[in-house]
Amino acid sequence: MNINHLARSVYVPRFTRPVILGAASALLIAALCAGCGRGGGPVAGKNPVKKVIKVENNVDALRAWAANNARASVLVHIDPSDDMAIFPASLMKDMENAAGHLRRRNVKVLEEIGPLIERGGTVSLGYMAGMYQRVIWVIPTIRPVGEDPVDVYKKFLITRRRFPAAAVSDFKAEGKFITGTIAGIPLTITRLADLTLAEGENAIIDIDLSYFPAMKLANQSYRAGTKSLLEFIKELGTRNVKAKIVTVNLSNQNNQVPMDLRFYGDVIREALAKPGDLAPPPPEKWRSMIRAEDSLGAKRYASAAAIYDGIIGTTKDDAGLYFSLAVARGFEDKGPECREALLGAYRLDGEYLKGFFQLARVLADAGKLEAGFAILETPDLAKIIAPVELDYQRGVFLYTAHKPFDAAAYLARVAQQRPKDFGLFTILFRAHRDAGNEKGQIGALQKLVNIDNGRVRREMPWVYADLGQLYDRNNYWVNASQMYEKYMQVHPDDSLSKAFKKRIDFWKAKKLLKP
């Protein structure tokens with residue numbers, strides 16, 4: 001099984017001793033959860049659910065659960081990431097203190113610890129706060145999870161999530177599921193079609209929109225859009241999950257979800273609030289959205305734009321519809337109309353500001369340069385965005401449009417004002433590479449090493465190899481040998497390291513390097 005779509009990294013600090021929840025903590029959580037699961041709740045997708053809350057990130061989801069005093073038997077976590085962590089000993093007291101605050105609905109504590117747990121740990125902290133007794137992790141896959149080798153999941157969590165092997169040692173296949181514990185938290189991994197709660201259990205349901213793009217990676221025939229989203233909600237309804245609260249994580253602040261799927265949040269909220277609308281025929285609004293999406297898929301952009309215009313005329317204040325209209329107008333290469341639709345989305349939902357740049361890049365890649373340029377030259381953007389950020393966005397746009405010389409010019413100008421921006425120098429290197437500028441490539445790669453050598457070593461050791469070879473070709477043998485040695489330390493046994501060692505030995509034999 002390919003589980004590369006389960007890809008977000010989890011916060012497991014290095015060089016610290018991880019702490020598994022001890023017996024005292026476990027007993028406390030059990031006591032706090034003594035009432036979890038009592039009182040039932042509406043079946044999501046069958047009965048109206050009143051508490052459906054849209055959030056922007058993982059910490060906001062945890063904040064919503066605490067603020068609403070949510071207590072349930074189970075957290076149903078529909079997400080390509082587990083969002084769990086083993087906290088180091090140095091942080092455990094802080095986390096236990098934070099859990100106590102969350103139990104008292106004091107969510108201000110998340111302002112302090114939020115950055116520590118956003119990329120992994122919110123689910124663990126919710127458990128510590130007594131919000132649920134176990135976790136069901138629903139992953140984007142079409143095969144029953146229990147049919148896959150358990151070692152595949154163990155290896156993924158150890159190598160990609162950096163959990164200690166001991167943390168997942170009790171994982172086992174049980175029918176269609178994989179069960180075990182992480183940091184003492186009972187965990188079941190399943191797909192949506194097999195999601196099952198025990199009799200009398202209820203749940204906090206957490207739906208992360210990154211689940212849906214990940215489904216495309218798991219199932220090549222999957223097509224994102226209103227139709228498949230409604231099918232997802234219907235299938236959730238068949239699983240008879242009694243919901244105390246539902247959070248819909250738009251994942252915008254984590255940059256996990258493209259802006260053209262942000263409208264999912266409203267559709268999920270509408271469908272769970274009025275599940276009767278899921279029965280055929282669905283409301284005209286949803287049917288029209290499906291027709292518009294079919295038109296976009298068939299490249300009938302004018303038709304799609306006309307449909308979206310019609311829906312907007314009968315729907316009040318729906319930012320997602322304006323953004324969808326902008327997509328259709330952009331692919332028509334109608335820059336002014338695309339820009340106006342984007343402004344409509346932004347005025348209703350400020351988070352769509354990112355959509356200007358995201359859509360511009362999509363249009364650049366599709367060769368719709370006129371519309372893309374029109375977006376970036378929107379006068380209102382100059383009032384909101386700093387000039388250096390706009391230049392950065394223009395550089396990224398031009399790179400995506402396969403104009404590396406122009407892109408490098410913009411990005412190099414930005415680099416003068418952002419000398420420690422790791423991401424900037426990554427794309428600047430690519431622009432220089434595509435433009436055939438070896439001097440520019442050397443400068444950008446060396447900046448990456450200087451800015452964060454640890455990150456290069458952990459995540460991008462290819463930088464050492466590429467930079468070493470560039471130095472080598474330009475006869476900077478001392479610099480080349482330094483980079484080659486850094487690469488060899490990370491990958492001592494691969495073929496490149498063997499070639500690099502031979503090269504260094506040759507230089508030493510010729511006395512081109514100091515001994």
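**Salt bridges and nonpolar cores**

In this predicted model, the count of salt bridges comes to 31. A few of these pairs are worth following one at a time, together with how far each partner is open to the surroundings.

A good place to begin is K172, which forms a salt bridge with E174, where the closest N and O atoms lie 3.5 Å apart. K172 has a relative accessibility of 45% and so counts as partly exposed, and E174, with a relative accessible area of 39%, is partly exposed as well.

The next pair is D309 and R329, whose side chains meet in a salt bridge with an N to O distance of 3.0 Å. Because D309 lies in helix 11 (residues 301–314) and R329 lies in helix 12, this pair ties together parts that are 20 residues apart in sequence. Is each partner buried or partly exposed? D309 has a relative accessible area of 37% and is therefore partly exposed, whereas R329, at 16%, is buried, since buried means under 20% relative accessible area.

A third salt bridge joins E438 to R473, and here the closest N and O atoms are 3.0 Å apart. This pair links distant parts of the chain, for E438 belongs to helix 20 (residues 438–451) and R473 to helix 22 (residues 462–473), with their positions 35 residues apart in sequence. E438 counts as partly exposed at 28% relative accessibility, while R473 counts as exposed at 53%. Returning to D309 and R329, we find that salt bridges with shared partners join these two residues with E332 and K334 into one network.

From charged pairs we can turn to nonpolar residues. In soluble globular proteins, nonpolar side chains tend to be buried together. In this model the largest nonpolar core has 117 residues, and those with the most contacts inside it are V76, L195, I205, F212, F232, V246 and L359. The largest share of this core, eight residues, comes from helix 12, which spans residues 319–331; helix 12 is also where R329, the salt-bridge partner of D309, is found.

To see what such contacts look like for a single residue, take I205 as an example. Which residues does I205 touch, if those up to four places away in sequence are not counted? Its contacts are A44, V76, I78, V241, A243, I245, V246 and T247, and of these V76 and V246 were already named among the residues with the most contacts inside the largest core. Apart from that core lies another one, of 52 residues, which includes A70, I86, I117 and I204.

Methods. Residues numbered from 1 in each chain as written. Predicted model: local features only at pLDDT ≥ 70, side-chain atom pairs only at ≥ 80, totals over all residues. Heavy atoms only, no water. Core = buried A, V, L, I, M, F, W, Y, C linked by side-chain atoms within 4.5 Å. Buried < 20%, exposed > 50% of the residue type's maximum accessible area, 1.4 Å probe, protein only. Helix = DSSP H or I, 4+ residues; strand = E, 2+ residues; numbered from the N terminus. Contact = heavy atoms within 4.5 Å. Salt bridge = Lys/Arg side-chain N within 4 Å of Asp/Glu carboxyl O.
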